[in-house]
Amino acid sequence: MNPRTSLKYPALLLKADGWVEPRAVKPGPFQPSVVVLARARCLFERMNPPAGVKGAAAVAAARLHADSGAPYQRAGALITQKDGVFGIWWWDAQWVGEKLGGAGLDPNSAILPEPLARQTGEGWRIVKATTGYEAQLWKDGFLLADHW
């Protein structure tokens, strides 16, 4: 659906090869549009804060790690949290911005890593992504590990 794609769809998939395609999802009445980023273009890390670090200090530690530990020169990041454990997703924001801009979309659109656009699970599972398979470990609806 390149090079000119409108955001009339509630969700778009930015595939690993840079092409953008609409996703058939029904958002809520006030839910903004979102770009789902192919799993092959995301990196995941679980972070447990140091012992004794809780609450706002733990959130600050996760944000600091997301900013300082990013594996890209210009990285995008999304942090998830449950019961004091954090999941950090990174992607190459420069590549994403270039591909979205080339498709006529806002290069600063909200990004959601592909695994977070699926239903949660419980325990270990193998999931088919747009460009391969990933092994996931879920506990109480929270993604603890994701290996591409």
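1. Is K15 buried, partly exposed or exposed, and what is its relative accessible area? In this predicted model, K15 is partly exposed, with a relative accessible area of 27%. The residue forms a salt bridge with E21, and the closest N and O atoms of that pair are 3.6 Å apart. E21 is likewise partly exposed, its relative accessible area being 27%, a value that lies between the limits of under 20% for buried and over 50% for exposed.

2. Turning to R39, a reader following the charged side chains will find that this residue is buried, with a relative accessible area of 3%. E134 forms a salt bridge with R39, and the closest N and O atoms are 3.4 Å apart. This pair links distant parts of the chain, since E134 belongs to strand β9 (residues 132-139), whereas R39 sits in the loop between β3 (34-37) and β4, 95 residues apart. E134 also counts as buried, at 1% relative accessibility.

3. A salt bridge also joins R39 to D146, where the closest N and O atoms are 2.6 Å apart. D146 lies in strand β10 (residues 142-147) and R39 in the loop between β3 and β4, so the pair ties together parts of the chain that are 107 residues apart in sequence. At 9% relative accessibility, D146 counts as buried, because the limit for that class is under 20% relative accessible area.

4. The contacts of R39 belong to a wider arrangement, in which R39, E114, R118, E134 and D146 are linked in a network of salt bridges. The count for the model comes to 5 salt bridges.

5. As for the strands, β4, β6 and β5 make up, in that order, an open sheet of 3 strands with antiparallel pairing. Its edge strands are β4 (42-47) and β5 (75-82), each of which pairs on one side only. From one strand to the next, the twist averages 20°. The antiparallel pairing of β4 with strand β6 (residues 85-92) extends over 6 bridges, and E45 stands opposite I88 in β6.

6. Two helices should be considered together with these strands. Helix α1 (residues 55-68) lies across β4, β5 and β6, and runs at about 25° to β6. Helix α2 (residues 93-102), for its part, lies across β5 and β6, and runs at about 55° to β6.

Terms used:
Residues are numbered from 1 along each chain as its sequence is written. This is a predicted model: local features need pLDDT of at least 70, side-chain atom pairs count only at pLDDT 80 or more; totals for chains, interfaces and linings use all residues. Side-chain values use heavy atoms; hydrogens and water are left out. Two strands pair if DSSP finds at least two bridges between them. Helices (H or I, at least four residues) and strands (E, at least two) are DSSP runs, numbered from the N terminus. Axes are lines fitted to C-alpha atoms, for helices over the stretch in contact, and angles run from 0 to 180 degrees between N-to-C directions. Contact means heavy atoms within 4.5 Å. A salt bridge is a side-chain nitrogen of Lys or Arg within 4 Å of a carboxyl oxygen of Asp or Glu. Buried means under 20% relative accessible area, exposed over 50%, partly exposed in between (1.4 Å probe, protein chains only).
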